[in-house]
Amino acid sequence: MKEKILITRKVFPSIVGRLQEHFDVESNDADYIYAPDELRTRLQGKVGALVSATEIINAPLVQACPSLRAVANIAVGYNNLDLAALSAAGVVATNTPDVLTETTADFGWALLMATARRTGEAERWLRLGLWDKWALDMFLGVDIHGASLGILGMGRIGRAVAQRAHGFGMTVRYHDRAPVALADEKGAQFCSKEALLSLSDHLVITMPYDPASHHTIGRRELALMKQTATLINISRGGLVDEDALADALADNRLAGAGLDVFEREPFVCPRLLANARVVATPHIASASLKTRLAMADLAADNLIAALGYGACAGQPPSPLNPAVLRT
Ligand code: GLV
């Protein structure tokens with residue numbers, strides 16, 4: 001008899017098919033988000049789970065699901081997983097790095113350009129039929145070429161964002177816990193967080209989120225930014241204090257914000273939504289068909305291998321707690 005796994009959200013049929021070759025699969029084709037009680041109930045007797053960022057896998061849940069041996073996240077960010085609790089219970093956790101790096105960096109630029117050049121605001125205005133004449137001062141934005149780009153978090157995605165800046169002749173600076181070895185991002189300068197905030201014309205957040213990085217951008221940080229700057233977040237909403245950001249935008253202390261992530265998704269702070277200078281998208285930075293397929297495929301590879309099946313049995317490609325595999 002096959003072991004049982006749970007797929008907590010709707011995934012591509014090809015992925016379900018791959019998992020069915022090895023497991024007895026229960027999948028959530030209706031694609032609603034399980035309440036914690038339902039998730040706990042559905043995980044009973046399951047050895048593995050393919051989850052998304054919408055599922056919170058915390059210590060009480062892990063303790064209530066003793067049959068669980070592996071959790072594969074379809075996301076590179078894993079703030080929804082309590083790694084310590086999973087490791088303590090001997091459950092392998094995995095994520096989906098690399099396959100989404102370039103697509104996510106592309107989208108960071110899409111948001112940056114839309115925010116700096118006010119494309120959403122201008123398009124909404126045009127569609128409302130308000131364009132009766134051209135004017136010299138219509139929708140004046142801020143330049144991208146030759147500007148100063150700041151990157152907060154110089155990991156894989158930060159480096160891919162930096163690489164793309166060369167075509168725009170930008171000065172690139174970054175901040176991270178320490179300087180990182182850079183290859184193709186020639187000229188990207190490490191600087192303090194304060195210098196990054198005060199010198200950047202466009203600031204892109206690409207750092208991971210955890211309790212320690214909560215509200216990395218708050219009132220103090222926003223006050224250090226240029227009044228003409230844009231703030232772009234493609235990481236996790238909790239990195240930015242949304243109330244403070246809404247205040248800064250309302251007081252014209254910032255030119256605009258491009259946000260793909262929010263503190264309480266899918267809720268979006270109404271003051272941010274009401275501000276025309278905010279470009280808001282529903283957490284889609286990695287959403288090209290090719291990349292979302294690759295993420296789901298990698299998550300399936302991880303789950304199959306972590307549970308001891310397939311050609312890479314016992315060696316999932318991207319484990320988050322590899323020590324568990326050695327025990
Ligand atoms: C998306 O937000 C991811 O972490 O992959």
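Select proline 266, which sits in the loop between β11 (256-259) and α11 (270-273). The peptide bond leading into proline 266 from glutamate 265 is cis, and its omega is near 5 degrees. Keep in mind throughout the tour that this is a predicted model.

**Two residues with positive phi**

Go next to arginine 118, in the loop between α5 (101-116) and α6. Arginine 118 is not a glycine, yet its phi is positive, about 60 degrees. Its relative accessible area is 14%, so arginine 118 is buried, the limit being under 20%.

Then select histidine 215, in the loop between β9 and α9. Here too a residue other than glycine has a positive phi, near 55 degrees. Histidine 215 is partly exposed, with a relative accessible area of 27%.

**The ligand**

Display the ligand together with the residues around it: Ala75, Val76, Gly77, Leu100, Arg236, His283 and Met295. Colour this shell by residue class and it divides into 4 nonpolar, 2 polar and 1 charged.

Which residues place a polar atom 2.6 Å, 2.7 Å or 2.8 Å from an oxygen atom of the ligand? At 2.6 Å, the partner of a ligand oxygen is an N or O atom in the side chain of histidine 283. At 2.7 Å, a polar side-chain atom of arginine 236 faces an oxygen atom of the ligand. At 2.8 Å, the protein atom is a backbone N or O of valine 76. The ligand taken alone exposes 190 Å², and the protein buries 86% of that.

**Histidine 202**

Move to histidine 202 in strand β9 (residues 202-205). Is this residue buried or exposed? Histidine 202 is buried, with a relative accessible area of 0%. Show its side-chain contacts. One runs from the side chain of histidine 202 to the backbone oxygen of aspartate 143, at 2.9 Å. Another is a polar contact of 2.8 Å between the side chains of histidine 202 and threonine 230.

**Salt bridges**

Side chains of opposite charge can pair when their charged atoms come close. With a nitrogen-to-oxygen limit of 4 Å, the model has 21 salt bridges. Three of them are picked out here, beginning with aspartate 297 and arginine 18.

The closest N and O atoms of aspartate 297 and arginine 18 are 2.5 Å apart. This pair links distant parts of the chain, since aspartate 297 belongs to helix α12 and arginine 18 to helix α1 (residues 13-20), 279 residues apart. Both ends are partly exposed: the relative accessible area is 28% for aspartate 297 and 24% for arginine 18.

Next, select glutamate 26 and arginine 42, whose salt bridge has its closest N and O atoms 2.7 Å apart. Glutamate 26 is in strand β2 (residues 24-27) and arginine 42 in helix α2 (residues 36-43), so the bridge ties together parts 16 residues apart in sequence. Glutamate 26 is partly exposed at 24% relative accessible area, and arginine 42 is also partly exposed, at 28%.

For the third, select glutamate 221 and lysine 193, whose side chains meet in a salt bridge of 3.3 Å, N to O. Glutamate 221 lies in helix α9 (residues 219-224) and lysine 193 in helix α8 (residues 193-199), so this pair ties together parts 28 residues apart in sequence. Are the two residues buried or exposed? Both glutamate 221 and lysine 193 are buried.

Finally, add Glu38 and Lys46 to the selection of Glu26 and Arg42: salt bridges with shared partners join these residues into one network.

**Glycine 310**

Select glycine 310, in the segment after α12 (289-306). Its relative accessibility is 43%, so glycine 310 counts as partly exposed. Add histidine 22 and measure between C-alpha atoms: the separation from glycine 310 is 8.2 Å, although the two residues are 288 apart along the chain.

**A nonpolar surface patch**

The last stop is on the surface. Select Leu126, Trp131, Trp134 and Leu136, which make a nonpolar patch of about 540 Å². Where does tryptophan 134 lie? Tryptophan 134 is in the loop between α6 (119-127) and β6 (148-152). Why does tryptophan 134 count as exposed? Its relative accessibility is 61%, and exposed means over 50%.

Conventions: Residues numbered from 1 in each chain as written. Predicted model: local features only at pLDDT ≥ 70, side-chain atom pairs only at ≥ 80, totals over all residues. Heavy atoms only, no water. Patch = residues over 30% accessible without salt bridge, like charges linked within 9 Å, V, L, I, M, F, W, Y side chains within 5 Å. Areas by Shrake-Rupley, 256 points an atom, 1.4 Å probe, with all protein chains shown as cover. Helix = DSSP H or I, 4+ residues; strand = E, 2+ residues; numbered from the N terminus. Buried < 20%, exposed > 50% of the residue type's maximum accessible area, 1.4 Å probe, protein only. Near = heavy atom within 4 Å. Polar contact = N/O pair within 3.5 Å; in protein donor to acceptor, adjacent residues only side chain to side chain. Nonpolar A, V, L, I, M, F, W, Y, C, P; charged D, E, K, R; others polar.
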